[in-house]
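Got the structure open in your viewer? Let's take a walk through it, one selection after another.

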Amino acid sequence: MSQDNKQQVDYAQVDMFISGAYILAVDDFSSIRRIIVNTFRSREAYVDEASNGAMALDKMRMALENHSPYDLVFVDVEMPVMDGIEFLRHLRTDKDLGETPVVVLSSHSDSEEIRECISLKISDYIIKPPTRERLYQAMAKAMSDRDQVRAAKGLTVGKDAAPREKGAAEKDYSKVIFKKLETIERLPALPVVLERIKALTHDPNSNSERIAMIMKDEPSLMANVFKLANSVLYGARDPIDSLQGAITRLGLNAVNNMATSMAVLAVMNQKMEGFDHKAYCKHCISTGIAMCVLYDHCREKLRETYTRDLLHLAGLLHDIGKIIIIQFFHKEFLDAVEFGKKQAIPLFVAEQKTLGVDHSEVGAWLGRKWNLSTMQMASIRYHHSPLMTDTGHDDLVMLCHCANYICNLEKIGDGGDTMTPMFDQRVFDKIGLRQGDIPGILERVRNEARKSEIMMSFLS
Ligand SMILES: [Fe+2]
Ligand SMILES: [Fe+2]
């Protein structure tokens, strides 16, 4: 049980456990409860609070009676009324709640205290104040331990391990949507070859020859990546005459991002009633181009380094959730658009009010299904709430937020938005963008957006 685990967090894996989980945060300090609440709510968990052990036990019993038991409890040690150790003693002797996973938070690393907690079957022990990463690691460990124990007993594992009341889940419409999506068999899929390319980009022994061999299994994808690599979009000066040469010159990550872009574009290129898919594709392609313009303009203020292929892909992906909502919740989407227009509110707010969930959340759900990397996912999930991001790619998310604003302002393509989105001045300040810069930026985006024709030419 490590106090200071600095291991990288696998957000894709952590999200599988967090999304839709029921968590109880028990601490007499509201500031600590707030950290836990904000950390998990931002990743779609339900978090309740209690300020001592006795209150926590009451809440846990009530939740069980309502058929919505908690998946995990974070508990402080020193608290008034009933402290964490006493809480654990009561909990472990409760015949219904005794198996609930618990993570202990404490201000000191007293080995006697840790030993006592371990004897009371805790999943993990965190020294306060907790970091987001440490909380995510503790959650992932607790849930995976629980699933292993349950699997050994032949019981249900995963999100449905805690039996929920049917009606309770259906009170939250967003849960209904995700539940329905889970049952849809013909979800848009990315080509299998992408998984193999991705695996090779992470393999230190891979080389351009092996990647080129794999890409030959998907000739149309290969041809388009080759064409893209040679296009003015990537500033190609000397033509590249072989796929292997392209891979060598561009690098494995760039080829992976380009192949993903081509595959995503194919998914986006679908005719749907009441929706101009070509204008939508143009909006997404242009958002990627605007991200490149902004990246060059704000370079000095940015802390992170991004390649053009990643910026193009991030723009292309940012509104991918709309494809899913339109395809599988068509009437609801049209209702949200109408509602947004009537109320003069942005589409994502209208979606939240009418569907209970917006396209950034649905897009993130799809991104997880597609095994996209955290970096590729960041702009999908947070382009409308850039200051909420905890992905470690703040600059990327802020660039996408501003690029989306600019493309909507200039009406380059049409993402189906119901009004010109408002920009967040704090984001402008953070990336060093001033209002006075906007006309010059717009001019560059207008010129550069002509390059979107290259990507549009892939949509036949
Ligand atoms: Fe959006
Ligand atoms: Fe957008």
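Start by selecting helices H16 and H19, residues 320-328 and 359-369. This is a predicted model, so everything you see on the tour is computed. The two helices pack at an angle of about 95°, and angles from 65 to 115 count as roughly perpendicular, so H16 and H19 are roughly perpendicular to each other. Their axes lie 7 Å apart.

Now show the side chains where these helices touch. On the H16 side you'll find Ile 320, Gly 321, Lys 322, Ile 324 and Ile 325. Facing them from H19 are His 359, Val 362, Gly 363 and Leu 366. Sorted by character, the residues of this contact come out as five nonpolar, three polar and one charged.

Stay with H19 for a moment. How many of its 11 residues are buried? The count is 10, so the helix is largely enclosed by the rest of the structure. To see them, select His 359, Ser 360, Glu 361, Val 362, Gly 363, Ala 364, Trp 365, Leu 366, Gly 367 and Arg 368. Then step along to Asn 371, which follows H19 and has a positive phi, near 60°.

Next stop: the metals. Select the iron ion (ligand 1) and bring up its protein donors, which are Asp 319 (OD), His 359 (NE2), His 383 (NE2) and His 384 (NE2). They lie 2.2 to 2.3 Å from the ion. Along the chain, these donor residues follow the spacing D-x39-H-x23-H-H. What kind of arrangement do the four donor atoms make? Their angles at the iron ion (ligand 1) run from 84 to 171°, which makes it irregular. Look at where two of these donors come from: His 359 is in helix H19, while His 384 is in the loop between helix H20 (374-382) and helix H21 (394-409), so the pair ties together parts that are 25 residues apart in sequence. Both His 359 and His 384 are buried.

Keep Asp 319 selected and add the iron ion (ligand 2). Asp 319 bridges the two iron ions, which lie 3.7 Å apart.

What are the protein donors of the iron ion (ligand 2)? Select His 283 (NE2), His 318 (NE2), Asp 319 (OD) and Asn 404 (OD1), lying 2.2 to 2.3 Å from the ion. In sequence they are spaced H-x34-H-D-x84-N. Around this ion, the four donor atoms subtend angles of 86 to 177°, so the arrangement here is irregular. Zoom out a little, and you'll see that this site links distant parts of the chain: His 283 sits in helix H14 (residues 277-297) and His 318 in the loop between helix H15 (308-317) and H16, 35 residues apart. Are these two histidines buried or exposed? His 283 counts as buried because its relative accessibility is 0%, and His 318, at 0% relative accessibility, also counts as buried.

For the last stop, select His 108, in the loop between strand S4 (102-106) and helix H5 (111-119). His 108 has a relative accessibility of 31%, so it counts as partly exposed. Setting aside neighbours within four places in sequence, add its contacts: Glu 78, Glu 113, Tyr 125 and Ile 127. Finally, draw a distance from His 108 to Ala 229, C-alpha to C-alpha: the two are 121 residues apart in sequence and 55 Å apart in space.

How values were computed
Residues numbered from 1 in each chain as written. Chains lettered and ligands numbered in written order. Predicted model: local features only at pLDDT ≥ 70, side-chain atom pairs only at ≥ 80, totals over all residues. Heavy atoms only, no water. Axes fitted to C-alpha atoms, helices over the stretch in contact; angles between N-to-C directions. Helix = DSSP H or I, 4+ residues; strand = E, 2+ residues; numbered from the N terminus. Parallel < 35°, antiparallel > 145°, perpendicular 65-115°, else oblique. Contact = heavy atoms within 4.5 Å. Nonpolar A, V, L, I, M, F, W, Y, C, P; charged D, E, K, R; others polar. Donors = N, O, S within 2.8 Å, 3.2 Å for Na, K, Ca; no water. Tetrahedral: all angles 85-135°; square planar, octahedral: opposite > 155°, others 65-115°. Buried < 20%, exposed > 50% of the residue type's maximum accessible area, 1.4 Å probe, protein only.
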